[in-house]
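Morning, everyone. I have one structure to walk through today. Please take a look at it before I start.

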Amino acid sequence: MVNPISREQLEQDLAQAQDLGRWLSDDERLERQRAEEQVLVAQQEQEQHRRKLVALTVVCVVIPPLWPLAFGLTLHLLFPKTFRQLLWIAGGSAVLLAVLTAGVGLAIASLLWVLIQ
């Protein structure tokens, strides 16, 4: 026996068909529902992550030695994309500085080795 469809569901299907200009097949409708559920789950996870960061920021503000961390978390909460780009730049700069330091250290060690012999 076919499941009876509620009046609300029929009205939603009709509105969707009018928006799209055609009726969706059962597979297409299920795919849209899955996609909407995935988006909802992703939004809920982001909101939960944000709440955790806010709580951590509050804890860092209360403990004075952690104020720099609180400042960084606040920047991350206010400007997530910009802060992520800044972290990439800072990380790349740190790696470049480490490589240059190692190169200069090796050059000095080689020079000293040559001078000793």
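Where is Leu66 found? Leu66 sits in the loop between α2 and α3 (67-78). Keep in mind that this is a predicted model.

Now, is Leu66 buried or exposed? Neither, strictly. Leu66 has a relative accessible area of 32%, so the residue counts as partly exposed.

Leu66 also belongs to a nonpolar patch on the surface. Its partners there are Val54, Leu56, Val58, Val59, Val62, Ile63 and Leu69. Together, the patch residues offer about 640 Å² of accessible area. Which element supplies the largest share? That is helix α2, residues 26-62, with five residues.

Stay on helix α2 for a moment. Thr57 is in this helix too. Thr57 has a relative accessibility of 8%, under the 20% cut-off, and therefore counts as buried. What does Thr57 touch, leaving aside neighbours within four places in sequence? The contacts are Ala70, Leu73, Thr74 and Leu77.

Next, the start of the chain. Ile5 lies in the segment before α1. At 51% relative accessibility, over the 50% cut-off, Ile5 is classed as exposed. Compare its position with Leu86. The two are 81 residues apart in sequence. In space, C-alpha to C-alpha, Ile5 and Leu86 are 52 Å apart.

Last, confidence. The protein chain has an average pLDDT of 86. Of its residues, 95% score at least 70. Where is confidence lowest? In helix α1, residues 7-20, with a mean of 77. Helix α4, residues 80-116, has the highest, at 94.

That's my tour. Over to you.

Definitions and conventions. Residues numbered from 1 in each chain as written. Predicted model: local features only at pLDDT ≥ 70, side-chain atom pairs only at ≥ 80, totals over all residues. Heavy atoms only, no water. Patch = residues over 30% accessible without salt bridge, like charges linked within 9 Å, V, L, I, M, F, W, Y side chains within 5 Å. Areas by Shrake-Rupley, 256 points an atom, 1.4 Å probe, with all protein chains shown as cover. Salt bridge = Lys/Arg side-chain N within 4 Å of Asp/Glu carboxyl O. Helix = DSSP H or I, 4+ residues; strand = E, 2+ residues; numbered from the N terminus. Buried < 20%, exposed > 50% of the residue type's maximum accessible area, 1.4 Å probe, protein only. pLDDT = per-residue confidence, 0-100. Contact = heavy atoms within 4.5 Å.
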